[in-house]
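Student: I am new to this structure and would like to examine one of its parts closely. Please begin with a single helix and then relate it to its surroundings.

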Amino acid sequence: MEALIAGGGVAGAAAACLLGPRVTLIEREAEAHHKICGEFISHEAQSYLARLGIDPLTLGAAPINAVRLVHGDRAACAALRFRGLSLSRRALDEAMLAQAGQAGAGLLRGHAIRSASPAGLEADGLGRLAAPAVFLATGKHDLRGARRQPSRAAENLVGLKMYLVLHPAQRAELAGHVEVLLFRGGYAGLQLVEGSVANLCLLIDRARFKAAGGTWPGVRCYLEQDCPHLTRRLAGAAETLDRPVSIFRVPYGHLHAPGPADWPGLFRLGDQMGVIPSFCGDGISIALHSAFAAVAAHRASDAWAYHARMRRDLKGQIDRAGWFYRAGRARPGLAVVAARAWPGALRWIARLTRVPPWAMADL
Ligand SMILES: Cc1cc2nc3c(=O)[nH]c(=O)nc-3n(C[C@H](O)[C@H](O)[C@H](O)COP(=O)(O)OP(=O)(O)OC[C@H]3O[C@@H](n4cnc5c(N)ncnc54)[C@H](O)[C@@H]3O)c2cc1C
C-alpha cells in the first residue's frame, strides 16, 4: 500500500478516488452523517468534482444563481458570475466515498484514529497501520502526534446547523439564492439543498450563545429578534433534525506551515492545510484542490514542495477572505449599504475569495 488516508470528508475521499487501489482510507464514522457546513458548492469545486466523476445535480443539488446579503431588514442582492450548487454534505461525502470504493480504494469505516506518527496511524479496532505516505484529512479534528499549530488563534465562536422545511412562499423566495445574514455577534447562511429543504448554518460568539441560554431554541429566538428577514423566512418552518449539528472554535485564517511535528511523508489536506472563513463557501474547493495537489506531489514523494505550493496557492485567498470577514462583522450595516450602492461588490468579493485559476492550471 502506497498511502493511508486519515478521514473521509471531501479532501480524503477525493484523494482516495484519485489513488484507488493504492490507498486505504480510515474514517471514524461508520455511516453517512451530517456535517457542519453551509453546503454551497462553488464553480471551482464543481470542476474538481466533475473530474472525479461526481455530478451533484444527479444527486439532487439545488442551483444557486444569486447571493443576498442581509442585515436587519435591509438586503442587497447580486447575481453570481457562475452557477453555484447546494447539496448536503451527507449526500456529497457519501457519494464520494462510494466513488473511491469503486476506484478500488480500501475503505475502513467506523474506526477512530487516535494518533499519527512516522511509524503510522493508530486506530480503534485496527491497531497500527503503516505506509510510506499519510494524507491527513481529518478536517477540524487534530490527531495526537500531528496537531496543527494554528497560525491565528481560533475565535471563540459556536457553529450550528439546522435543516428546515420552509413555508412554500418563503421557499419560493429563497430558491436560487444563498442568503448571508449578518446579525449582532455572528452571521448565518441560508439556502436550499436537495429535497427543497433549507440549510441554516451559523456562527455566533460564545458569549452571545451563552446569553441566549446556550440552547438552540434560545439562539433561534435571539436570531429572529435581531433579523426580521429571518423571522419572515422561518415563519411556519419545521425543523427536521432533533438537534443542530455543532462545532466550536474554528481557526479561520489558519494556513499550515510545516514544523517539527511534520515528517517527510505527511501531507495535510483540506482544513488541516488551510481554513477559510466559511461565508466564502470555498472550503470544499480548497479541500478538493489540496487533494489533487497532494496526489500529484506524492508521486514525487515531496511533501515539503506540496505544503510550500499550497501556501502560495491559498495565502492571498484566505487573507482576503479574513479581511472581508472582519470588515463585515465590524460594520454589518455599512456592508449592506455598500453592496446596494455598488452591485458588483459581492461578485468582486466572491472572485477574490476563490481558489485562483492560476493555482488550478497545472493540476
Ligand atoms: C460553519 C461552516 C460553514 C461552512 N460552509 C461552507 C460552504 O458553504 N461551502 C464550502 O465550500 N465550505 C464550507 N465550509 C468549509 C468546509 O466545510 C470545510 O472546509 C471542508 O469540509 C473541509 O473538508 P475536509 O475533508 O478537510 O474535512 P471534513 O469535511 O471535516 O472531513 C473530515 C473527516 O475526517 C473524519 N475524522 C475526523 N477525525 C477523525 C479521526 N480521529 N479518525 C478518523 N476519521 C476522522 C471526520 O469524520 C470527517 O469525515 C464551512 C465550514 C464551517 C465551519
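How many residues does helix H3 have, and how far does it reach from its first C-alpha to its last?

Tutor: The model is predicted, so local features need pLDDT of at least 70 and side-chain atom pairs count only at pLDDT 80 or more, whereas totals for chains, interfaces and linings use all residues. Residues are numbered from 1 along each chain as its sequence is written, and side-chain values use heavy atoms, with hydrogens and water left out.

Helix H3, residues 89-102, has 14 residues and reaches 19 Å from its first C-alpha to its last. That span is close to the 20 Å expected at 1.5 Å a residue, the expected span being 1.5 Å times one less than the number of residues. Helices (H or I, at least four residues) and strands (E, at least two) are DSSP runs, numbered from the N terminus.

Next comes the inward side of the helix. Arg89, Leu92, Asp93, Ala95, Met96, Leu97 and Ala100 are the buried residues of H3; buried means under 20% relative accessible area, exposed over 50%, and partly exposed in between (1.4 Å probe, protein chains only). An α-helix has 3.6 residues a turn, so residues three or four places apart point the same way. The partners against which the buried residues of H3 pack are H1, S2, strand S3 (40-41), helix H2 (43-51), strand S6 (106-109) and H8, where contact means heavy atoms within 4.5 Å. After H3 comes Gly104, which has a positive phi near 105 degrees.

Arg89 leads on to the ligand, since Glu27, Gly38, Arg89, Asp271 and Ile284 come nearest of the 36 residues around it. A residue is near the ligand if one of its heavy atoms lies within 4 Å. By character, the shell comprises 14 nonpolar, 13 polar and 9 charged residues.

Several polar contacts, meaning pairs of N or O atoms within 3.5 Å, can be located here. Lys35 places a polar side-chain atom 2.9 Å from an oxygen atom of the ligand. Gly38 has a backbone N or O atom 2.7 Å from a nitrogen atom of the ligand, and a polar backbone atom of Gly281 is 3.3 Å from a ligand oxygen atom. On its own the ligand has 1,000 Å² of accessible area, of which the protein covers 95%. Helix H1 (10-19), strand S2 (23-27) and helix H8 (283-299) are the elements that give two or more residues to the shell. H8 supplies the largest share, 3 residues.

H8 therefore deserves a further look, as it also packs against the buried residues of H3 and holds both Val295 and Ala296. Val295 counts as buried because its relative accessible area is 2%. Its contacts, not counting residues up to four places away in sequence, are Ala15, Leu18, Leu19 and Phe135. Val295 lies 68 residues from Leu363 in sequence, with 9.7 Å between their C-alpha atoms. Ala296, by contrast, is partly exposed because its relative accessible area is 37%. The C-alpha atom of Ala296 is 18 Å from that of Gln272, 24 residues away along the chain.

Elsewhere, Ser115 belongs to strand S7, residues 113-117. At a relative accessible area of 16%, Ser115 is buried. Ser115 touches Gly120, Leu121, Glu122 and Arg144, leaving aside residues up to four places away in sequence.

Notes: Polar contact = N/O pair within 3.5 Å; in protein donor to acceptor, adjacent residues only side chain to side chain. Areas by Shrake-Rupley, 256 points an atom, 1.4 Å probe, with all protein chains shown as cover. Nonpolar A, V, L, I, M, F, W, Y, C, P; charged D, E, K, R; others polar.
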